[in-house]
Amino acid sequence: MRKPFLLKFLLAAVLLLGNTAFASDSDVEEGKDKKTEIKEFIEHHLQDSHYFNLYGTTDEHGKVHHVGIPLPVILWDNGLKVFSSSKFHHGEEVAEVDGNYYKLYHSKIYKTDAEGTITYDEEHHPTNVRPLDFSITKSVVMMLVTGLLLLWLFSSLAKSYAKNNSVPTGAGRFFEPIVLYIRDDIAIANIGEKKYKRYMPFLLTVFFFIWFLNMFGLTPLGVNVTGNIAVTTALAVIVFLITNFTGTKDYWKHIFDPLGDGMPWYGKIIIYIILVPIEILGLFIKPFALLIRLYANMTAGHVVLMSLVGLIFIFKSWVGGPLSFGLSFAISLIEVLVALLQAYIFTMLAALYFGFASEEHDHDHEHEEEAELAHL
Amino acid sequence: MEIPSVVGAGLAVIGAGIGIGMIGGKAMEAIARQPEAYGKIQTAMLIAAALIEGIGFAAIFAG
């Protein structure tokens, strides 16, 4: 019992600290400023990529060899174009597909001529046509992997619960308290005893999805899925849709008629000119805050970690290694906490919004409120 | 003279930091006074802190 645990712990430690291995393999071109190079590396890491890069090595001639898995590129450009991203040779070459030429520029695909010329406007933005890109990128791969992992994990847990008379076994012992916590302290506490059940599947899914993706972001796979604003936007849009499609009459009344019968209509008009637009804006601000929070937290964590690793290359002495190791070890531990905390906050606030949307005033309560208003 | 937007972002983040600090401190006091309400206080604290944090990040991105 003791030994496997130690092994698992060591494995986890190696996985978490593996970030370090990444930067050390980055290309070290002479003559280029170290600081800008590190900056570029971090920026590249934060972006989505058409190539699942595992590591890269530099040979004697200073040429970088990338080791990894090329991912399929799917473009819609007057018809479906599917090809492997290895055709781009990491942006160095122009890919030719059915007589069309495409080039990678800062991880984005542009349509070019045979030589791969990219034209720029005054602000140095490329003016080339961008075909619709439905590629299976690194983030998409990680989301699919996480989705399948969740599907496999929880369906097998459900099976083991059915078999063992609802007694948790194995991984169930770890996940049962978490699921119960989400049910009791997030769903029931915010949505209420009566209606929480219809929201539970979403809350559990979104919690574990975000948590697992955050944790994958700390592994040396070098993925940054929840730190991608498109991913968090999609999650927030789902929350927005569920909130508003399950909204009760009272929820909409609260937005368009917040004062209710407590005030005559001629008094309301003046207040509502200001109040109703604010309430309507609030509908959009809530999910917007949700998406910015997750995106910014994860991006900030990745930037801090990568910068600390970059210290090694800036110091270029024996100080850098231990310093960078100590700092990034401490920050990694905090990031493990943040990964859980952000998943919790996202789920918590989603449940809070669902609670607002599904609340129904019972009549006794309403009278109480009226009495209170009259008293004021 | 033009003040760079980064200064404004920094000021906003200082405000958010003070706010979160106050929330944490007050939550500690509340827990000390009523240790049995620990769970509820912690939840409310995290929600309030998360809301303020959002403002801080919005300021960073605006700056």
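# Exercises on a predicted two-chain model

In β4(A), Ser84(A) is the bridge partner of Pro72(A). Before we build on that pair, a word on the ground rules: the model is predicted, with local features needing pLDDT of at least 70 and side-chain atom pairs counting only at pLDDT 80 or more, while totals for chains, interfaces and linings use all residues. Residues are numbered from 1 along each chain as its sequence is written, and chains are lettered from A and ligands numbered from 1 in the order in which they are written.

## Exercise 1: a sheet and its edge

Task: Find the sheet that holds β4(A), and say which strands stand at its edges.

Solution.

Step 1. Helices (H or I, at least four residues) and strands (E, at least two) are DSSP runs, numbered from the N terminus. Two strands pair if DSSP finds at least two bridges between them. Strand β3 (residues 72–76) of chain A is joined to β4(A) by 5 bridges, and the two run antiparallel.

Step 2. The open sheet has 3 strands in the order β4-β3-β8 (chain A), with antiparallel pairing. β4 (80–84) and β8 of chain A are at the edges; each has a single partner strand, so one side of each is left without a neighbour in the sheet.

Step 3. Now look at Leu132(A), which sits in strand β8 (residues 132–133) of chain A. Is Leu132(A) buried or exposed? A residue is buried if 20 or more other C-beta atoms lie within 10 Å of its own, exposed if 12 or fewer, and partly exposed in between, with C-beta atoms placed from the backbone. Leu132(A) has 9 other C-beta atoms within 10 Å, so Leu132(A) is exposed.

Step 4. Two residues are in contact if their C-beta atoms, placed from the backbone, lie within 7 Å. Leaving out residues up to four places away in sequence, Leu132(A) touches Leu75(A) and Trp76(A). Leu132(A) and Ile74(A) are 58 residues apart in sequence, yet 8.6 Å apart in space, C-alpha to C-alpha.

## Exercise 2: other strand pairs

Task: Describe the pairing of β1(A) and β2(A), then the sheet order that includes β6(A).

Solution.

Step 1. Strand β1 (residues 51–58) and strand β2 (residues 64–70) of chain A pair in the antiparallel sense over 7 bridges. Asn53(A) stands opposite Gly68(A) in β2(A). Their hairpin has 5 residues between the strands, and Gly62(A) takes a positive phi near 80 degrees there.

Step 2. The order β5-β6-β7 (chain A) belongs to an open sheet of 3 strands with antiparallel pairing. At the edges stand β5 (95–97) and β7 (108–112) of chain A, each with a single partner strand, so one side of each lacks a neighbour in the sheet.

Step 3. Strand β6 (residues 100–105) of chain A is joined to β7(A) by 5 bridges, running antiparallel. Tyr102(A) stands opposite Lys111(A) in β7(A).

## Exercise 3: a loop with positive phi

Task: Which phi values do Asn165(A) and Ser166(A) take, and where do these residues lie?

Solution.

Step 1. Asn165(A) has a positive phi of about 60 degrees, although it is not a glycine. Ser166(A), also a residue other than glycine, has a positive phi near 65 degrees.

Step 2. Asn165(A) lies in the loop between α4 and α5 of chain A, and Ser166(A) is found there too.

Step 3. Asn165(A) counts as exposed because it has 6 C-beta neighbours inside 10 Å. Ser166(A) is exposed as well, with 10 other C-beta atoms within 10 Å.

## Exercise 4: where the chains meet

Task: How many residues of chain A are in contact with chain B, and how many of chain B with chain A?

Solution.

Step 1. 8 residues of chain A are in contact with 10 residues of chain B.

Step 2. On the chain A side, α9 (265–315) and α10 (320–358) are the elements that give two or more residues. The largest share, 4 residues, comes from α9(A).

Step 3. Ala, Val, Leu, Ile, Met, Phe, Trp, Tyr, Cys and Pro count as nonpolar, Asp, Glu, Lys and Arg as charged, and the others, Gly among them, as polar. By class, this side of chain A has 6 nonpolar, no polar and 2 charged residues.

Step 4. For chain B, UniProt (unreviewed entry) places the feature "transmembrane region" at residues 6–23 and 44–62. Residues 6–23 of chain B are 100% helix and 0% strand, with end C-alpha atoms 25 Å apart.

Definitions and conventions:
UniProt positions are given in the numbering used here, feature names are shortened, and annotations may be inferred rather than shown by experiment.
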